[in-house]
Amino acid sequence: MPTSMTPPQLGENGALIERHWQQLANQRMIYSLLALGLLLTVVTGSLWFANETNSGKFFERLPHFFDFVDDLLPRDGMEIWRALFDLPSPYDDGSFKYNYPEGRAYLTESLYLPEYFHKMIETLNIALTSTGIGLVFGFALSFLAAKNTMANAWIRGPVRRLMEVLRAFPEVVIAGFFLAILSLGPIPAVIAVSIHTIGALGKMFYEVIENADMKAEEGLRAVGANWFERMWFGLVPQVLPNFMSYFLLRLEINVRASTIIGAVGGGGIGELLRLSIGQGHEAKTLAIVLLLLMTIIAVDQFSAWLRRRLVGEQAFQTI
C-alpha cells in the first residue's frame, strides 16, 4: 500500500535558519516591488514631461514612431547592393540620391574601391590607431596606478586622477573640442578616441594587475631584480591575456565611437551616414548600416580568433 512521505522535522537551529531565510525572502520581495513602483513612477513622469515639453504632441506622435523605418525602405531591394558597390542605378535621374558610381576610389584605370568600403577602412584606421595608442599609454600608466605595484601614494594617486580625467568626457565631446582647433578630418578623431581609450584601458589594466598573483614578483625581488624587471618578468606574463582581451573589446567599441565622431566631422563612414539620413537617401543609408554591421561582426570574429591564439585552445575546452 502507498506510503506518504513526511518532510523531515527541523531542529531548533534549522527552524531559526528557515525563519531567517523567509524574512530575507519577504524583504527581497518588498524591495523588488518598491523598485518596480519607483521605476514606473519615473517612467510615467518622464513621459508626462516629454508630452508637456512638446506641447501635447508626444503621445499624439507615438503611433507614427515607426514611420522612419518605412521611409528607409528603397523602391528596389537591389538598390542597397548597387549603393554598396558603387554600381549604376536604373533609376538614376541625375540627383545625388542615385549617383553611386561617382564615389568610386580608383586604384587603377579599371579597378576601383567602393566609396563606402574606402570610408570604412578610414574609420577602422582611426579606431585601430587610437586603440594602439591607448594600449601603449594605458599599459604604462596601469603599473603606476595599481596598489600592489606602486606603493608610493604620491605617484599612484595622481596617475589614477589623470586617467579619471581622460575618460571623464565622451569621445564626441573631446572630438568637438579638437575639431574646433584642428579643423575637420581624421586627426582630431584619432586624438579624441585615444584620450578616452588611455583612461578606460588604464583603469581596466590596473584592476587586472591588482588581482594578479604576486609570488613571482616576490621571487624576483628576493634575487635582487629591479622594479622594471619584476614587472616585466613577474607580472606581464600573467596579465597579458586579460590585457589583450580588453584591448580587443576596446577596439570594437572604438569602431563604433569613430563612426559617431565621423558624423560630426571626424572623417570616415560616419559623415556619409549622417548625410544619407539627412537627405533621405534610403539605399545609401541601408548600405552603410549593412556595412557597419558586417564590420562589427568581422572585428568580433577576429577578436575571438586572436584571443584563442594568445590564450590557447585548452582554455576554451569544457571540462
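# Exercises: polar pairs, salt bridges and a helix crossing

A polar contact (a pair of N or O atoms within 3.5 Å; within protein, one must be able to donate a hydrogen and the other to accept it, and residues adjacent in sequence count only if both atoms are side-chain atoms) of 3.0 Å links the side chains of Glu171 and Arg250. The model is predicted: local features need pLDDT of at least 70, side-chain atom pairs count only at pLDDT 80 or more, and totals for chains, interfaces and linings use all residues. Residues are numbered from 1 along each chain as its sequence is written, and side-chain values use heavy atoms, with hydrogens and water left out.

## Exercise 1

Place Glu171 and list its contacts beyond its neighbours within four places in sequence.

Solution.
- Step 1: find the element. Glu171 lies in helix H7, residues 171-182. Helices (H or I, at least four residues) and strands (E, at least two) are DSSP runs, numbered from the N terminus.
- Step 2: check burial. Glu171 has a relative accessible area of 12%, so Glu171 is buried. Buried means under 20% relative accessible area, exposed over 50%, partly exposed in between (1.4 Å probe, protein chains only).
- Step 3: list contacts (heavy atoms within 4.5 Å). Outside that sequence window, Glu171 touches Ala192, Val193, His196, Arg250, Asn254, Ala257 and Ile261.

## Exercise 2

Describe the surroundings of Ser89.

Solution.
- Step 1: Ser89 sits in the loop between helix H4 (78-84) and strand E1 (105-106).
- Step 2: its relative accessibility is 10%, so Ser89 counts as buried.
- Step 3: neighbours within four places in sequence aside, Ser89 is in contact with Glu79, Arg82, Tyr98 and Tyr100.
- Step 4: take Tyr100. Ser89 and Tyr100 are eleven residues apart in sequence, and their C-alpha atoms are 7.4 Å apart.
- Step 5: take Glu79. Its side chain makes a polar contact of 3.0 Å with that of Ser89.

## Exercise 3

Which parts of the chain does the salt bridge between Glu210 and Arg160 tie together?

Solution.
- Step 1: apply the criterion. A salt bridge is a side-chain nitrogen of Lys or Arg within 4 Å of a carboxyl oxygen of Asp or Glu. The whole structure holds ten.
- Step 2: the closest N and O atoms of Glu210 and Arg160 are 2.5 Å apart.
- Step 3: Glu210 is in helix H8 (residues 186-210) and Arg160 in helix H6 (residues 153-166), so the pair ties together parts 50 residues apart in sequence.
- Step 4: Glu210 is partly exposed at 30% relative accessibility. Arg160 is buried at 16%.

## Exercise 4

Work through two salt bridges within helices, Lys203 with Glu207 and Glu217 with Arg221.

Solution.
- Step 1: Lys203 and Glu207 meet at 2.8 Å, N to O. Both lie in helix H8, four residues apart, about one turn of the helix.
- Step 2: Lys203 is partly exposed at 28%. Glu207 is partly exposed at 35%.
- Step 3: the closest N and O atoms of Glu217 and Arg221 are 2.8 Å apart. Both residues lie in helix H9 (residues 215-222), four residues apart, about one turn of the helix.
- Step 4: Glu217 is buried at 3%. Arg221 is partly exposed at 48%.
- Step 5: look for networks. Salt bridges with shared partners join Asp76, Glu79 and Arg82 into one network.
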